[in-house]
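This report describes one protein model for a reader who has not seen it before. It starts inside the fold and then turns to charged pairs, cysteines, a serine and a helix.

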Amino acid sequence: MPGLLLGDEFPNFEADTTIGRIKFHDFLGSSWGILFSHPKDFTPVCTTELARAAKISSEFKKRDVKMIALSIDSVEDHHNWSKDVMAFNSEADNALPFPIIADDKRVLSVQLGMLDPDEKDKDGMPLTARCVFVIGPDKRMKLSILYPATTGRNFDELLRVIDSLQLTAQKKVATPVDWKGSSLERWAIHHPLNPARLHLLWVWESQIAACPDQKWFGDDNNSYKASF
């Protein structure tokens with residue numbers, strides 16, 4: 001995403017949405033945030049994505065993550081599309097549990113590097129790619145993922161990486177491959193003797209929870225308290 005790197009402050013843009021006009025930082029408040037873009041309203045893949053996001057919205061809420069989508073159509077189109085999305089979930093009487101940003105002039109899509117040059121609408125205008133941005137409570141970008149318009153996302157993976165981001169923001173740890181956040185999973189720990197070097201050293205979550213201030217080290221089969 002041109003001009004915006006991990007750790008940079010996310011733009012405090014203003015935009016029209018299905019819940020009215022927002023200023024992004026005010027919308028987030030002190031919460032985490034996830035912004036995910038869609039190529040176009042009423043399209044099949046986008047509809048399945050929004051339906052999945054709506055279905056598991058309580059999981060994002062449980063993690064104190066505010067959800068917001070973006071598409072290049074108008075607020076009116078978004079309202080109508082939201083009804084289709086909830087009907088797809090067999091929840092036609094319920095409202096979509098998160099807002100959708102209207103970006104029919106593609107202002108935000110350009111600013112945030114979301115346009116997919118290979119996918120165009122009937123007028124030859126580029127569609128937005130499937131971007132994901134995770135923003136921390138400090139309003140800084142913690143993660144970005146860019147999918148082409150032709151590939152739908154995996155929202156279970158988004159929950160997984162958010163769990164990792166929130167964990168590693170609190171503790172000096174790194175999560176290993178395929179880590180899922182279960183109490184039976186292991187954490188990769190920064191070596192206490194040389195913080196600049198990361199070793200895949202394992203320790204059980206329950207042991208860290210019991211001694212949160214303790215430095216740990218170990219190997220694949222054992223974990224030990226540091227003796228200094």
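## Nonpolar cores

In this predicted model, Leu96 touches Leu50, Ala54, Ser82, Val85 and Met86, with residues up to four places away in sequence left out of the count. Leu96 is also one of the residues with the most contacts inside the largest nonpolar core, which has 29 residues. The others named for this are Ile34, Phe36, Leu50, Phe60 and Phe98. Strands and helices both supply this core: two or more residues come from each of β3 (32–38), α2 (44–55), β4 (65–71), α4 (75–88), β8 (130–135), β9 (141–147) and α6 (155–170). The largest share, six residues, comes from α6.

A second core of 20 residues is separate from it. Among its members are Leu4, Phe24, Cys131 and Met141.

## Salt bridges

The structure holds 13 salt bridges. Three of them are listed here, each with the distance between the closest N and O atoms.

| Basic residue | Acidic residue | N to O distance |
|---|---|---|
| Arg21 | Asp16 | 3.0 Å |
| Arg130 | Glu49 | 2.9 Å |
| Lys105 | Asp104 | 3.7 Å |

What does the pair of Arg130 and Glu49 tie together? Arg130 lies in strand β8 and Glu49 in helix α2, so their salt bridge links parts that are 81 residues apart in sequence. Both Arg130 and Glu49 are buried.

The two other pairs in the table have surroundings of another kind. Arg21 is exposed, at 52% relative accessibility, and its partner Asp16 is partly exposed, at 38%. Lys105 is exposed as well, with a relative accessible area of 65%, while Asp104 is partly exposed at 37%.

Salt bridges can also join several residues. Here Glu59, Lys62, Arg63 and Asp163 are linked in a network. Asp163 is among the buried residues of α6.

## Cysteines

A disulfide is a covalent bond between the sulfur atoms of two cysteines. How many disulfides does the structure hold? The count is zero. Cys46 is buried, at 1% relative accessible area. Cys131 is buried too, at 2%, and it belongs to the second core.

## A buried serine

Ser109 is found in helix α5, which covers residues 107–111. Is Ser109 buried or exposed? Its relative accessible area is 0%, so Ser109 counts as buried. A polar contact of 2.5 Å joins its side chain to that of Asp103. Apart from residues up to four places away in sequence, the residues that Ser109 touches are Leu70, Ile72, Asp103, Met114, Leu115 and Thr128. Asp103 therefore appears both in the list of contacts and as the polar partner of Ser109, and Ser109 itself is buried.

## Helix α6

Helix α6 has 16 residues. From its first C-alpha to its last it reaches 23 Å, close to the 22 Å expected at 1.5 Å a residue. At the start of α6, a side-chain oxygen of Asn154 comes to within 2.9 Å of the backbone nitrogen of Asp156.

An α-helix has 3.6 residues a turn, so residues three or four places apart point the same way. The buried residues of α6 are Phe155, Leu158, Leu159, Val161, Ile162, Asp163, Ser164, Leu165, Gln166 and Leu167. This is the helix that gives the largest nonpolar core its largest share, six residues.

Note on methods. Residues are numbered from 1 along each chain as its sequence is written. This is a predicted model: local features need pLDDT of at least 70, side-chain atom pairs count only at pLDDT 80 or more; totals for chains, interfaces and linings use all residues. Side-chain values use heavy atoms; hydrogens and water are left out. A nonpolar core is a set of buried Ala, Val, Leu, Ile, Met, Phe, Trp, Tyr and Cys residues joined through side-chain atoms within 4.5 Å. Buried means under 20% relative accessible area, exposed over 50%, partly exposed in between (1.4 Å probe, protein chains only). Helices (H or I, at least four residues) and strands (E, at least two) are DSSP runs, numbered from the N terminus. Contact means heavy atoms within 4.5 Å. A salt bridge is a side-chain nitrogen of Lys or Arg within 4 Å of a carboxyl oxygen of Asp or Glu. A disulfide is a pair of cysteine sulfur atoms within 2.5 Å. A polar contact is a pair of N or O atoms within 3.5 Å; within protein, one must be able to donate a hydrogen and the other to accept it, and residues adjacent in sequence count only if both atoms are side-chain atoms. The expected span of a helix is 1.5 Å times one less than its number of residues.
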